[in-house]
Amino acid sequence: KRSPYLRNQLRCWLFKPSERKLELISSGMTSRDVQAIFCALAGAGSGLNADRAVNIVQICDEFGDCSLESVDLSSNDIGADGTRALVDVLGNTNYFRLQSVRRVPSVSTATNTSGCITYLNLSRNNLGPSSSKHLKRMLSNPQCSIKTLFLAGNNFGDSGCAAVILGLTEQESVQHIDLSNNCASTAAGHALGAMLPTNGTLTRLDLNFNSLRGAGARSACLGL
């Protein structure tokens, strides 16, 4: 079933071409919606079907040649499938250029963060533990351009948080990550202890409303 948001309110999407932002906050997005949208943006699909209100390509064309640097999908329900779709696109293209011709820059230019997606907010999206492997894959990609990543309130669990944290090992772009309210505890603490000595770019890590204590907390502190 298609979300009412996509059927009836596509023109209410908050596009900010001049600021290079795409914000779809609390908009009823599901995993199926995310797959359709980001496949279209990557040139891997035709976009929205004719029975939807507006074709995604038409909306993207409103950006002209503007680059997309910030994506906020917070407070939706994209789940693990939506995360996988998003990570697949980021992994294959590293960033989107929303143009009438659906092409992306070559991998050889992907290390240039100009025009890259540097801000990604997936907070409160019911991602769950199974999404962590997709996020770890994204973070482990040497071409990753993300600098700020918000993942608060996604019920990753201890092992899921540990997987995301280990994805930051030797990561060279992320400066700020928010993993608050994700049930991190012992395994996440040990992962922090292993990751922190090898990561040279992370400057802010938010772990509020978790359960780091005991051996996990000690491991995390030793890594500082």
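**Notes on the fold: H7, H8, the pocket and the core**

1. Let me start with H7: its buried residues are covered by a set of elements that includes H6, E7 and H8. Keep in mind that this is a predicted model. The buried positions of H7 are Ala 188, Gly 189, Ala 191, Leu 192 and Met 195. Looking down the helix axis, they fall within an arc of 160 degrees, so one face of H7 is lined by them.

2. H8 tells a similar story from the other side of the contact. Gly 216, Ser 219 and Ala 220 are the buried residues in H8. Their arc around the axis is only 100 degrees, which puts them on the same side of H8. What do the buried residues of H8 pack against? They pack against H7. On the face turned away from that buried side, H8 carries the exposed residues Arg 218, Cys 221 and Leu 222.

3. H8 comes up again at the second largest pocket, which has a volume of about 180 Å³. Both strand E7 (204–206) and helix H8 (214–222) supply at least two residues of its lining, and H8 gives the most, with 3. By class, the lining has 9 nonpolar, 2 polar and 1 charged residues. Among the lining residues are Leu 192, Leu 196, Asn 199, Thr 203, Arg 204, Leu 205, Ala 217, Ala 220, Cys 221 and Leu 224. Two names are worth cross-checking in the viewer: Leu 192 is one of the buried residues of H7, and Ala 220 is one of those of H8.

4. Now the core. The largest nonpolar core has 41 residues, and the members touching the most other members are Leu 120, Leu 122, Leu 151 and Ile 177. Two or more residues of this core come from each of helix H2 (31–41), helix H4 (79–93), helix H5 (132–140), helix H6 (157–166) and helix H7 (186–195). As background, nonpolar side chains tend to be buried together in soluble globular proteins.

5. Leu 151 is a good residue to click on. Leaving out residues up to four places away in sequence, Leu 151 touches Leu 122, Ser 123, Leu 127, Leu 135, Phe 156, Val 164, Ile 177, Asp 178, Leu 179 and Asn 182. Two of those partners, Leu 122 and Ile 177, are themselves listed with Leu 151 among the members that touch the most others.

6. Two loop residues deserve a look at their backbone angles. Most residues other than glycine have a negative phi. Asn 155, in the loop between strand E5 (148–150) and H6, has a positive phi of about 55 degrees. Glu 170, in the loop between H6 and strand E6 (176–178), has a positive phi of about 60 degrees. Neither is a glycine. Are they buried or exposed? Asn 155 counts as partly exposed because its relative accessibility is 48%, while Glu 170, at 58%, counts as exposed.

7. One helix position to check is Ala 85, which lies in helix H4. Ala 85 is buried because its relative accessible area is 9%, under the 20% cut-off. Its C-alpha atom is separated by 8.9 Å from that of Ala 36, 49 residues apart along the chain.

8. Finally, the overall picture. The secondary structure comes to 8 helices and 7 strands, and 51% of the 224 residues count as buried. Among contacts with a separation of 6 or more, 82% are accounted for by residues 24 or more positions apart.

How values were computed. Residues numbered from 1 in each chain as written. Predicted model: local features only at pLDDT ≥ 70, side-chain atom pairs only at ≥ 80, totals over all residues. Heavy atoms only, no water. Core = buried A, V, L, I, M, F, W, Y, C linked by side-chain atoms within 4.5 Å. Buried < 20%, exposed > 50% of the residue type's maximum accessible area, 1.4 Å probe, protein only. Helix = DSSP H or I, 4+ residues; strand = E, 2+ residues; numbered from the N terminus. Contact = heavy atoms within 4.5 Å. 1 Å grid on protein atoms, 1.4 Å probe; cavity = no way out; pocket = protein on both sides within 12 Å on 5 of 7 lines; lining within 4 Å. Points joined across faces, edges and corners; volume = space filled by probe spheres on them. Nonpolar A, V, L, I, M, F, W, Y, C, P; charged D, E, K, R; others polar. Arc of directions from axis to C-beta.
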